[in-house]
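Me: Please take me slowly through one part of this structure, the surroundings of the ligand, and then follow the chain from there into the rest. I am new to reading models, so I would like the reasoning spelled out where a cut-off matters.

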Amino acid sequence: PVKVVIVGGVAGGMSAATRLRRLDEQAQIVVLERGAHVSYANCGLPYFLGGVIEERDALLVQTPEALRARFRIDVRVRSEAVAVDTAARTVTVRDLASGEEYTESYDRLVLSPGARPFVPELPGVERVFTLRDVSDTDRIAGELAAGARSAVVVGAGFIGVEAAENLRRRGLGVTLVELAGQVLPPLDAEMAAPLAAELRAGGVELALGTQLTEVRDGEVVLDDGRAVPADLVLMAIGVRPDVELARAAGLAIGPRGGITVDERGRTSDEAVYAVGDAAEKRDALSGESTLVPLANLANRHGRLVADAIAGRPVSARPATGTAVVQVFGLTAAATGWNEKRLRAAGRRYQALHLHPGSHAGYYPGASPIALKVLFDPDDLSILGAQAVGADGVDKRVDVLATAIAGGLTAPELADLELAYAPPYGSAKDPVNMAGMIAENLVTRTDRTVQWHELDAARAAGASLVDVRTAAEHARGAIPGAVNIPLDELRDRAAELPDGDLLVHCQVGLRGHTALRLLAGLGRDAANLDGGYATWSAGQ
Ligand code: FAD
């Protein structure tokens with residue numbers, strides 16, 4: 001029987017171990033885990049801190065005993081792999097309880113050691129906490145129990161935002177510090193704006209475009225000179241693949257700092273596989289190496305290497321990096337590339353924004369979803385999508401991630417047959433609507449200007465017409481816009497300024513109708529994409 005040693009007993013490692021057992025009853029499977037726990041729910045840790053998950057035991061999804069009983073896996077906790085000899089095919093293991101070391105041989109080795117939170121050099125940095133595993137969580141919970149009243153969370157990525165929300169839930173005064181000028185840098189700025197407002201409304205102080213210069217007892221100092229109270233400082237500015245063991249073993253490390261693997265998860269040594277946060281992935285858009293430290297890929301790739309070891313023909317699908325996060329009453333989700341990244345890479349793209357209801361407007365409880373789709377103007381493939389709203393966001397982004405995986409074009413989204421009844425959606429689902437907008441752009445039925453292109457278009461001489469009602473215009477308008485409501489546009493066409501026209505409404509839909517009406521009158525115009533809602537979010 002084949003002997004497989006697995007380093008890391010959580011997402012990737014344990015997926016590989018259990019799948020392998022299901023495929024091969026004879027295999028000898030040894031899992032080495034440095035920590036005291038295996039198969040714990042990293043993703044649940046912030047919610048345990050916030051008291052949403054009440055029982056600590058709920059985080060421990062499996063125990064070594066249960067894994068032994070059901071899967072006959074030799075699970076060794078507090079056992080650290082300290083060296084790998086790829087020539088001899090052995091691992092040196094340190095028993096952290098006794099301090100003793102021994103050698104374990106393998107036919108196949110799977111590395112799933114995860115990633116480490118990045119902690120920068122900083123005066124006083126030894127005082128900061130990070131959140132990666134159950135013991136980190138126990139330490140932070142200890143601070144809360146000891147009466148911590150204030151917290152500074154550094155980094156407004158997924159984990160930072162989740163931690164900030166949950167520390168607020170526990171009643172702490174929380175400041176969230178982020179170097180970028182926006183929260184949740186994976187989203188584009190205009191999509192992240194409502195999330196910043198939601199965090200503030202939830203009582204989280206935001207310090208954007210700011211970094212820490214020093215950590216002191218009970219406070220931190222920011223680079224604008226401000227001191228902020230902090231009984232607890234949590235560093236969440238990203239993770240680095242944990243590659244020390246692999247590097248020392250002579251395995252190839254890729255351009256992004258993760259372990260290099262092929263499409264079967266095999267490293268530069270044919271007997272060694274690597275998965276999860278420690279391993280590089282292939283990006284679905286560029287084909288280049290990338291890092292996607294998310295649980296879905298760690299789990300799927302754990303299963304995939306078990307299949308590969310069992311001799312099955314498998315090949316990892318390139319990664320799109322689909323993710324979702326709760327921000328108090330809102331949800332934000334994204335898949336594929338964002339506009340910032342497309343622009344930085346010099347890729348051609350077309351963006352579209354819409355703000356449809358989460359379900360039919362006449363059924364109680366509907367709320368708007370801000371939805372953004374990016375597609376390739378040449379081959380029309382979907383490059384990425386982002387959504388923010390109180391309800392129905394995860395579903396729309398998952399459909400769009402599936403559309404990307406299936407190779408649908410943006411206009412083809414218009415033609416998806418999606419489930420509908422009033423409590424759940426609309427007969428034209430938001431995803432369908434995005435496809436219709438794409439189709440109108442591709443067929444040149446519509447021409448749009450983005451929120452960040454508006455000033456340049458007006459500087460070039462275009463006049464802006466607000467086709468919303470007078471009441472909407474009075475509540476908030478783009479400076480200098482002429483207000484002619486859509487329903488009066490035919491009759492008041494003579495009042496339209498000469499020259500190039502830009503129209504806008506609240507979300508883009510009435511603007512589209514205005515464009516068609518004006519086209520019928522022989523006037524060429526462009527619509528402000530996403531309307532006033534997207535423009536104002538971008539300010
Ligand atoms: P891990 O699950 O981290 O497991 C690695 C294990 O290897 C660790 O237990 C470590 O102790 C052990 N190890 C390392 N080196 C050695 C060694 N030399 N010897 C023995 N053992 C070793 N992802 C999502 O998709 N959605 C979420 O909502 C989400 N929320 C998260 C929230 C938090 C607070 C954190 C920390 C992560 C979250 N993630 C989320 C990310 C997700 O948890 C990871 O992508 C996933 O766990 C990676 O799996 P992995 O097997 O690579 O590493």
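Reply: The shell around the ligand draws on several elements, and helix 1 (11–23), helix 2 (45–49), strand 4 (79–85) and helix 8 (295–309) each supply at least two of its residues. Please keep in mind throughout that this is a predicted model. There are 33 residues around the ligand, and those that come nearest are Gly-8, Val-10, Ala-11, Gly-114 and Gly-276. When the residues of the shell are sorted by character, 17 are nonpolar, nine are polar and seven are charged.

Helix 1, one of the elements that supply the shell, also holds Arg-21. Is Arg-21 buried or partly exposed? A residue needs 20 or more other C-beta atoms within 10 Å to count as buried, and Arg-21 has 19, so this residue is partly exposed. Leaving out residues up to four places away in sequence, Arg-21 touches Ala-27, Ile-29, Phe-71, Arg-72 and Ile-73. Ile-73 lies 52 residues from Arg-21 along the chain, and yet the C-alpha atoms of the two are separated by 7.9 Å.

Contacts that join distant parts of the sequence can also be counted for the chain as a whole: of the contacts between residues at least 6 apart in sequence, 63% join residues at least 24 apart. The chain contains 15 helices and 29 strands, and 46% of its 539 residues are buried. Its C-alpha trace spans about 90 × 55 × 40 Å along the principal axes. For 539 residues, a compact globule would have a radius of gyration near 24 Å, and the 26 Å of the chain agrees with this.

Moving on along the sequence, we come to strand 10 (residues 173–178), which is mostly covered, since five of its six residues are buried. The route that leads to strand 10 starts at strand 9 and passes through helix 5 (residues 158–169), and this β-α-β crossover is right-handed. Strand 9 (residues 150–154) and strand 10 are parallel to each other and pair over five bridges, one of which has Gly-173 as the partner of Ser-150. Strand 10 also pairs with strand 11 (residues 204–208), again in the parallel sense and over five bridges, and here Glu-178 stands opposite Leu-208 of strand 11. Helix 6 (residues 189–201) completes a right-handed β-α-β unit with strand 10 and strand 11. As background to these pairings, strands of a sheet pair through backbone hydrogen bonds, either parallel or antiparallel.

Later in the sequence there is an open sheet of five strands, paired in the parallel sense and arranged in the order 25-29-28-26-27. Its edge strands, each of which pairs on one side only, are strand 25 (448–449) and strand 27 (482–483). Strand 27 runs parallel to strand 26 (residues 463–466), and two bridges join them; in one of these, Val-482 is the partner of Val-465.

Arg-468 sits in the loop between strand 26 and helix 13 (470–475). This arginine has 24 other C-beta atoms within 10 Å, so Arg-468 counts as buried. Apart from neighbours within four places in sequence, Arg-468 is in contact with His-473, Pro-485, Cys-505, Gln-506 and Arg-510. Asn-483 is 15 residues away from Arg-468 along the chain, and the distance between their C-alpha atoms is 7.2 Å.

Helix 15 (residues 531–538) is another mostly covered element, with six of its eight residues buried. Those buried residues are Gly-531, Tyr-532, Ala-533, Thr-534, Trp-535 and Ala-537. Among the elements they pack against are helix 6, strand 28 (501–504), helix 14 (509–520) and strand 29 (525–528), so that helix 15 meets both helix 6 of the right-handed unit and strands of the open sheet.

Two loop residues deserve a last, careful look at the backbone. Most residues other than glycine have a negative phi. Phe-328, however, has a positive phi near 50 degrees, and this residue lies in the loop between strand 20 (323–327) and strand 21 (330–336). Leu-380, in the loop between strand 23 (369–375) and strand 24 (382–389), likewise has a positive phi, of about 65 degrees. With 19 C-beta neighbours inside 10 Å, Phe-328 counts as partly exposed, and Leu-380, with 17, counts as partly exposed too.

Terms used: Residues are numbered from 1 along each chain as its sequence is written. This is a predicted model: local features need pLDDT of at least 70, side-chain atom pairs count only at pLDDT 80 or more; totals for chains, interfaces and linings use all residues. Two strands pair if DSSP finds at least two bridges between them. Helices (H or I, at least four residues) and strands (E, at least two) are DSSP runs, numbered from the N terminus. A residue is near a molecule or strand if its C-beta atom, placed from the backbone, lies within 6 Å of it. Ala, Val, Leu, Ile, Met, Phe, Trp, Tyr, Cys and Pro count as nonpolar, Asp, Glu, Lys and Arg as charged, and the others, Gly among them, as polar. A residue is buried if 20 or more other C-beta atoms lie within 10 Å of its own, exposed if 12 or fewer, and partly exposed in between; C-beta atoms are placed from the backbone. A crossover is right-handed if, with the strands pointing away from the viewer, the path from the first strand over the helix to the second runs clockwise. The radius of gyration is taken over C-alpha atoms; the globule rule is 2.2 Å times the number of residues to the power 0.38. Two residues are in contact if their C-beta atoms, placed from the backbone, lie within 7 Å.
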